[in-house]
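Below are some notes on the model, set out as numbered points. They go from the core to the fold as a whole, then to the annotated segments and the surface.

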Amino acid sequence: MLQGFKDFIMRGNVVDLAVAVVIGGAFTAIVTAFSDNLINPLIAALGGSDVSGLGFHVISGNPATFLDFGAVITAAINFLMIAAVVYFVIVMPMNKMKELQERRRGIEKEEEAPAPTDVELLTEIRDLLQKS
């Protein structure tokens, strides 16, 4: 039972996914701080003198009806930043490592070419004797 669980955990996809989730979660705090403190004020400045940001009120004077385009733009920027970091910090190196392992396995398989059988050796000897 434990061997099956160990095999499942040691599969490359599960380990990749676990690392991506942990790093993505940790990096989210950095991206959120960057967005809240740098991106949001810039987007809000594009919205004009209204301090509520880039958007408008569907019903004037009712803050619950504010359509906040700045928040949507910020969420998209957050997603792109997190996806880029996960790709360049986790996915690319893992792919490179897998590629190197596959090359190493390919070289080992070439070196471990099966020895010729007795019949193949005898056939080769016969062919050589017939030529001479």
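1. A nonpolar core is taken here as a set of buried Ala, Val, Leu, Ile, Met, Phe, Trp, Tyr and Cys residues joined through side-chain atoms within 4.5 Å. In this predicted model, the largest such core has 5 residues, namely Phe27, Val31, Ile82, Val86 and Ile90. Helices α2 (12–46) and α3 (69–111) each supply at least two residues of this core. The most come from α3, which gives 3 residues.

2. Ile82 belongs to this core. Leaving aside neighbours within four places in sequence, Ile82 is in contact with Phe27, Thr28 and Val31. Of these partners, Phe27 and Val31 are themselves members of the core.

3. The secondary structure comes to 4 helices and 2 strands. Along the sequence the order is α-α-β-β-α-α. Among contacts between residues at least 6 apart in sequence, 45% join residues at least 24 apart.

4. Buried residues account for 12% of the 132 residues in the protein. The protein exposes about 10400 Å², and carbon and sulfur atoms supply 68% of that area.

5. The UniProt record, an unreviewed entry, places the feature "transmembrane region" at residues 12–34 and 69–94. In the model, residues 69–94 are 100% helix and 0% strand. The C-alpha atoms at the two ends of that segment are 36 Å apart.

6. Thr74 lies in helix α3. Is Thr74 buried or exposed? Its relative accessibility is 6%, so Thr74 counts as buried, the limit for that class being under 20%. Apart from neighbours within four places in sequence, the contacts of Thr74 are with Ser35, Ile39, Asn40 and Ile43.

7. On the surface, Phe56, Val58, Ile59, Leu67, Phe69 and Ile73 form a nonpolar patch. Together these residues have about 540 Å² of accessible area. In soluble globular proteins, nonpolar side chains tend to be buried together. For the present chain, the record's "transmembrane region" annotation at residues 12–34 and 69–94 should be read alongside the patch.

8. One residue of the patch, Ile59, lies in the loop between β1 (55–57) and β2 (66–68). Ile59 counts as partly exposed because its relative accessibility is 48%, and that class runs between 20% and 50%.

Technical notes
Residues numbered from 1 in each chain as written. Predicted model: local features only at pLDDT ≥ 70, side-chain atom pairs only at ≥ 80, totals over all residues. Heavy atoms only, no water. Patch = residues over 30% accessible without salt bridge, like charges linked within 9 Å, V, L, I, M, F, W, Y side chains within 5 Å. Areas by Shrake-Rupley, 256 points an atom, 1.4 Å probe, with all protein chains shown as cover. Salt bridge = Lys/Arg side-chain N within 4 Å of Asp/Glu carboxyl O. Buried < 20%, exposed > 50% of the residue type's maximum accessible area, 1.4 Å probe, protein only. Contact = heavy atoms within 4.5 Å. UniProt positions renumbered as here; feature names shortened; annotations may be inferred.
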